[in-house]
Amino acid sequence: MAPPMAAPPSAFVTTVAVVCGDVHLGPWPSGFPAFLDDLAERPPACLVLLGDVVEYWIDDAAGVAAHQGLFTRLRRLRERGWRVVCVAGNRELAAGRRFAAAGWLELHWPAFDIATAAGPVRVVHGDRLCRDPGYHLFAACARGFWARALLTLLPSPAAHGIARLARWRSRRKGAARAKGGSLMRLDPARVRAAARGAARLLAGHIHRRLHTTVGGVDLWLAGDWPGTEARWLEVRMDGRVVRGSGFGSHRPGSS
Ligand SMILES: [Mn+2]
């Protein structure tokens, strides 16, 4: 007699990575803390934060203090066997040693590859996939040595003030852009270049949740975290990508 069939593993057991984008943690309610609490109860995998986790980041003690809730939860995931990766977004241009040390996380840029049976599934923030020459020049300068050095020389309140002002200006610009249809800014040549050698590409930045093909590339946009909603993607062992559901949502978190 054939042995009884083992129950099929729940889909999450075959998940190699959970990918979240554009959480934009700040002084407002977010579903992200509750989501991380729920994740800690799941079988360990790799958590990939694809950038813009926080509204803005200055790599100093005040930055770490402002996000203790986030870092405590990321460290707990590490203790439970999770690997935690952050692909720096445009809000983490200044992220460095303190950011990585506070969350016990690996900081990657511009991409992180998740190994699957179908080949690497590549995660990028998404800012580099868009047509925006002015921004690319700004980002290149901001990532440079002199801009970082200048920020570390400023008194902490001044550095945080400048970052908040830049965010405020960018939000106004972003609102105007969103009306013009941000998907139109995706550049097929940039998408193809970013996905070279990968089975598919996962990105954020545009704050839309979408599965599409751009320049022949299978592209998944993770979406943002409006209010206390939770939006994430799960990458399975076989290379498939699915939208996450079923936990972490509708519970206002404390950070
Ligand atoms: Mn962004």
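What covers the buried residues of helix 3? Helix 1, strand 2, strand 3 and helix 4 are among the elements that do. Before we look closer, here is some background.

What you see is a predicted model, where local features need pLDDT of at least 70, side-chain atom pairs count only at pLDDT 80 or more, and totals for chains, interfaces and linings use all residues. Residues are numbered from 1 along each chain as its sequence is written.

## The chain as a whole

The chain holds 8 helices and 11 strands. Both kinds of element are DSSP runs numbered from the N terminus (helices are H or I with at least four residues, strands are E with at least two). Of its 255 residues, 36% count as buried. A residue is buried if 20 or more other C-beta atoms lie within 10 Å of its own, exposed if 12 or fewer, and partly exposed in between, with C-beta atoms placed from the backbone. As for contacts in the chain with a separation of 6 or more, 74% of them come from residues 24 or more positions apart. Here a contact is a pair of residues whose C-beta atoms, placed from the backbone, lie within 7 Å.

## Back to helix 3

Helix 3 covers residues 68-79. Its 12 residues, at 1.5 Å a residue, should span 16 Å, and the end C-alpha atoms are 16 Å apart, which agrees. (The expected span is 1.5 Å times one less than the number of residues.) The buried residues in this helix are L70, R73, L74 and L77. Looking down the axis, you'd find them within an arc of 100 degrees, so they line one face of the helix. That arc is taken from the directions from the helix axis to the C-beta atoms. On the face turned away from the buried side sit the exposed residues Q68 and E79. After the helix comes G81, with a positive phi near 100 degrees.

## The sheet with six strands

Strands 2 and 3, which help cover helix 3, belong to an open sheet of 6 strands in the order 4-3-2-1-10-11, with mixed pairing. Strands count as paired if DSSP finds at least two bridges between them. Strand 4 and strand 11 (241-243) stand at the edges with a single partner strand each, so one side of each has no neighbour in the sheet. On average, neighbouring strands here are turned by 25 degrees against each other, direction ignored. Such angles use axes fitted to C-alpha atoms, for helices over the stretch in contact, and run from 0 to 180 degrees between N-to-C directions.

Let's follow a few of the pairings. Strand 2 (residues 46-49) runs parallel to strand 3 (residues 83-87), with 4 bridges between them, and L47 stands opposite V84. Strand 3 also pairs in the parallel sense with strand 4 (residues 106-108), this time over 3 bridges. There, V85 stands opposite E106, and V87 has H108 as its bridge partner.

How do you get from strand 3 to strand 4? Together with helix 4 (residues 97-103), the two strands make a right-handed β-α-β unit. Right-handed means that, with the strands pointing away from the viewer, the path from the first strand over the helix to the second runs clockwise.

## The sheet with five strands

Another open sheet has 5 strands in the order 5-6-7-9-8, again with mixed pairing. Strand 5 (111-114) and strand 8 (209-214) are at its edges, each with a single partner strand, so one side of each is left without a neighbour in the sheet. Neighbouring strands are turned by 25 degrees against each other on average, direction ignored. Helix 8 (residues 188-195) packs on this sheet, touching strands 6, 7, 8 and 9, and its direction makes about 95 degrees with that of strand 9 (217-222). Strand 6 (residues 121-124) and strand 7 (residues 200-203) run parallel and are joined by 3 bridges, where R122 has L201 as its bridge partner.

## Backbone spots worth a look

Two histidines have a positive phi although neither is a glycine.

| Residue | Phi | Loop | C-beta neighbours inside 10 Å |
|---|---|---|---|
| H24 | about 55 degrees | strand 1 (15-20) to helix 1 (32-39) | 20, buried |
| H207 | about 60 degrees | strand 7 to strand 8 | 20, buried |

There is also a cis peptide bond, from W109 to P110, with omega near 5 degrees. P110 lies in the loop between strand 4 and strand 5.

How values were computed. Two residues are in contact if their C-beta atoms, placed from the backbone, lie within 7 Å.
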